[in-house]
Structure formats: structure tokens, C-alpha cells
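Hi there,

Here is the structure I promised to pass on. Please have a look, and read my notes below whenever you have a moment.

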Amino acid sequence: MPRSGAAGLSRGIGAQIGDGAGMMSDAIVQAVTETELKLLCSPADLAVLRRHKRLRDAFAGLRPRHLRATYYDTPDLRLRAAGFGLRLRRDAATGAVRQTLKAEAAGAGLFQRDEWESAVAGEHLDRAALAATPLPDILETDDPAAVLQPVFVVEAERLSAPLRIGDAVIEVTLDEGAAIAGSARTAICELELELISGKPRDLFALARKLARKADLRPGLQSKAQIGYALVTGARPLPVKAFDAGLHPDIRVGEAFRIIARASLRQVLANEPALVQMRDPAAVHQMRVGLRRLRAAVALFRPAIRDRYRKAITAELRWLARSLGDARELDVFLGTDVARMRRKRPKSKDTAALAAHFEDARAEAYARILEILSGPRYRALLFDTLAWIEAGPWQGKAATRKARAMPVAVLARDNLARRSKDVGRRARILSSLEVAERHALRLDVKKLRYAAEFFAPVFAARDEKSARRAAKFVRALAQMQERLGDLNDAATSLSLTGRLDRNDAAGRRAAKLIEEDHVGRAAESLAAARDACAAFIKAKPFWKERD
């Protein structure tokens, strides 16, 4: 999609429909579901935002407030494990202290999460207020304060004001500060847009206007999660797919949002390990997230048709292809080249080939890092998130019936149709050409994603359905892996075919790799046939009970 398409999506999305949000109660401990769009930026961007024409009147006469939040947990971090964050936050200007427990919802920029908040006297945990939250159940004690201790601090200079846009009220917050755990610090610089009243589309409409002047990108981590990363000292790791967790009664429209959020979250979650650690598994898992998101768009197409769907899909495909070279080189170096080096550890030809492709991989990673820091990637993230949460597909009268039907209906049709097609070709695997095997492998991936998405819908019926679903997914995973082995030979030939014809040493080593593939071809094909046979025997888990 050309950049004008992404910009057009940003311009149009704010005018479309979305869902409402809960309002705060008048209880002493306020239980509220907040809807918040978190966007990361630089200190320079914050300065631009303070002067933005949409915000300067709201901020006129206001001075930044210094906030110091102390986060509490048990010594073994049981709150973190349960997905909660508890803080006491003091406003230096007023001396007011508020105690807040937040559920760390799985968001990808847009967070919809429960929180319990109360004003407290002094800077100590309020036992009575804690008793009115889920903490006693989480910590299995009637006195949570007795087992809690400070674990880290977040300090920030905050500028915040409500902004009315049409019928919506949005709390706009600019935060600049740091999470602090002992001597470790992580800078925090972000824009938060919290929906007080209105619909999610209103958040994206405002964010789109602000993003014209500042480089904004969806933020995955809450301040609590940033602080916990400091406490544990954990380096960024690759992140596998998140469980979407569909339930049997869910409708198609909401099922798509849940799956798409989880897939986009996987893409974002792998960015730190890719950028900071150059981790090959992070490249792979980011591509998995992109493929799962594209698969979801295809699966739910009857319910989500609008003028932006194709543009979104095209941009997701662009990003996946941009990661493709690095992934192919990672696999080639980690399998074929590594195998040759083990067999011929003293071979200068193999060493030269390895050096050539290691340089190529370094260049591929440099291109990825340039893409991930660029405007097109930022636009892709923001536009995709906006489309998932507030796209015009949610209000299309022509697809209302499709969005409202039980997801099990759509799931049965998709799983049955795709399974039949894959099974037909699996039975004749030996007669398929290389390109046909590759196409089958891609369709197996799509069927596997569909099975993983929908398995919880049917597994919840009874234990028999759960066992069948697990066996079906395992068979697909094994089939995908074995077909991947067959595809490795074609990928190797494609990569070594790029060698300079004057690179005699490299070509000699490449010839050895080709011969190795030929030698293992019969074994690989037999393993793939066995995997196909196991899939054919796997019973459908989506059929009505028998």
C-alpha cells in the first residue's frame, strides 16, 4: 500500500464507529474499566505535543505535576505473576496519595483493563481499601498489606487535562520520567489518551491529529511492566503467540478483535528482542504474529469487509516480506551451513561460505532495524490497531448478520473446507511438484492457525473434543515441520544461486550442501508422508457431538 493509503486510513478511521467504555462509580474504592491508548514518543515529541493546537488551550496555565509512584508486591512477585500492579502514587504539589490496583490487560497500544482506586491518608497501604479489591483472593490472605513490600518506583513529570471533542471527553496525559529499581533506570516518555466518555474511535481520531506533528507508536508495556523488567533484570526474549482464549458463546465480530489484538501484540512484543538482541527467534516470532494476523483477516473476511481491509493486508504482507531475507539466512546458516561445518570443521571453502552469508545476514538485519525505526512501520502499527478497534467494518450494515453470528458457525465452515483441501493434497504428496509442496505447506500453516484460534470454542464442550483438538493441532504442526524440511532444499538453492560466479570456494561449498540435500531427500519425503498420514487420521474436533 502506498504511503498515501496508510495516511488515508488514519484520516478516515476517526470518523467510524467503536465501542463504549465503563464510567467510574462513586464508591470509596472506585472499580472502573479504563480504556486507554498508550503511545510512545521522544522528549522532543512531547515538546511538540505541548504546543499542538489541539492541546495548547487545554494545557494553558497548567504546570507539570511531579508524581512519585511506589509499586508493591510480595518478595516472590506473586502480583506480577497474576497480572496485576499495585501502587501508591503521591502528587508532590498537593500531597494527595492514591492507592491503585490495576489488572495488566493484554493490550497492543489500546488497553482496556480493570482498576480499583481510592484516596489514602499518608504513604502507607490502606488495609480496608485493599480488602475491597481482588487482592485477598489473589494473595490468599485477609491482610494483603502484611505480605507486600515496595519493589520499584516510577517518577514522572505529568501534564494532564481533559479535552472535549464532540460528544467525547478524553484525558490527555504527557509523561516524562523514569522507572527506578535500585541503581537501574529506564526512561519513560509517552502520551496517554484515556477515554472518559465516548467511543474508541474518538481516541484514534485525536491520536491521528497528534501523530501528524509527532512520531507516535503504540506502546505495549504499562509502567508497572517496565518497572518489573528492571526488578527481574530480564533481557528481552522472543515471544510466542498469545492465547486468544475464545469462548463458545462469543460472536464473530468480537472474536476477530480478540484474535487480531493477540496477533498484533505478538508482533510488538518481539520488537525489543529483535532490535536490542538481534535474536533470530524474534524475527521468526514477529513473522508468525504477522502471518496469524493475516490469517485472521482472511478467516473473518465475510464479517470485516470494508475499504481498508485490503490496504491493511498489503502492509502486513510488506512487513513480513521485509523480515523474510533475514529469516531465510538465519535458517540456512543454522541448518545447512552449520551441518557442513560440523562435517568439515577444517574446510576453508565452508568457512568462506559461512562468512559470506553471515555478512549477508548482518546486512539483512540492518535493513530490518531501519524499517522498524521508520515512518511506514509506525503507520502500519497505528493504522492496524485503529482498524482492529474502530474500523468501519464494525458498522457495516451489509455484514451485521455475519458479525453477530456465533463464532462456532464460521469456525466449522472454515475448518471443514480447509481441512478437506489440505487432506486431498496430503494424500498425493509424493506426486506433487516442488512449488505444489510449498503451496501445501503454506495452506497447512493457515489451517493450523485457524485450528489454534478456534480450538477453545469446541474444546470447552467436553474432554473428548479437547483431546481431539490438541491431537489435530499437533498433527498440523508436525506436518508443517516436515514439509518445511522438504522446502529447505529449494531455499538453499535460491540462496546459493546468488553467489558470484567467480566465488569458486563458495560454489564448491554450496555444491556440498546441495549434495547433502539430495542424499537426505528420500528420508525427508518419507517423514513428510508419515506426517501427512497422521494428519489424515486426526479426527475433526469441530463437528457436532457424536
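Helix H8 gives the most to the lining of the second largest pocket, contributing six residues. This is a predicted model, and in it that pocket has a volume of about 1,500 Å³. Its lining counts 45 residues, and Gln221, Gln225, Ile226, Ala229 and Pro272 are the closest to the centre. If you want to trace the walls, the elements that each give two or more residues to this lining include strand S1 (30–40), strand S8 (184–197), helix H8 (223–232), helix H9 (252–269) and helix H13 (348–372). By class, the lining of the second largest pocket has 28 nonpolar, nine polar and eight charged residues.

There is enclosed space to look at too. The count comes to one cavity of 30 Å³ or more, and the largest cavity has a volume of about 40 Å³. Ten residues line this cavity, with Gln99, Trp116, Ser118, Ala129 and Thr133 the closest to its centre. Strand S4 (97–103), strand S5 (110–120) and helix H5 (127–131) are the elements that give two or more residues to the lining. S5 has the largest share of it, three residues. Sorted by class, the cavity lining holds six nonpolar residues, three polar and one charged.

Now for the packing. In soluble globular proteins, nonpolar side chains tend to be buried together. Here the largest nonpolar core has 124 residues, and the members that touch the most others are Leu193, Phe300, Leu415, Phe454 and Met479. Helix H12 (residues 309–343) supplies the largest share of this core, with 12 residues. Phe300 is a good one to click on: leaving aside residues up to four places away in sequence, Phe300 touches Val252, Ala255, Phe256, Ile259, Val407, Leu410 and Phe454. A second core, separate from this one, has 29 residues, among them Leu130, Leu135, Ile226 and Leu230. You will have met Ile226 already, as one of the residues closest to the centre of the second largest pocket.

Finally, a word on confidence. The chain has a mean pLDDT of 90, and 92% of its residues reach 70 or more. Residues 1–27 are another matter, with pLDDT below 50, although this stretch has 67 contacts in the model beyond near neighbours in sequence. Where pLDDT is low, the predicted coordinates should not be read in detail.

Happy to talk any of this through.

Best wishes

Conventions: Residues numbered from 1 in each chain as written. Predicted model: local features only at pLDDT ≥ 70, side-chain atom pairs only at ≥ 80, totals over all residues. Heavy atoms only, no water. Core = buried A, V, L, I, M, F, W, Y, C linked by side-chain atoms within 4.5 Å. Buried < 20%, exposed > 50% of the residue type's maximum accessible area, 1.4 Å probe, protein only. Helix = DSSP H or I, 4+ residues; strand = E, 2+ residues; numbered from the N terminus. Contact = heavy atoms within 4.5 Å. 1 Å grid on protein atoms, 1.4 Å probe; cavity = no way out; pocket = protein on both sides within 12 Å on 5 of 7 lines; lining within 4 Å. Points joined across faces, edges and corners; volume = space filled by probe spheres on them. Nonpolar A, V, L, I, M, F, W, Y, C, P; charged D, E, K, R; others polar. pLDDT = per-residue confidence, 0-100.
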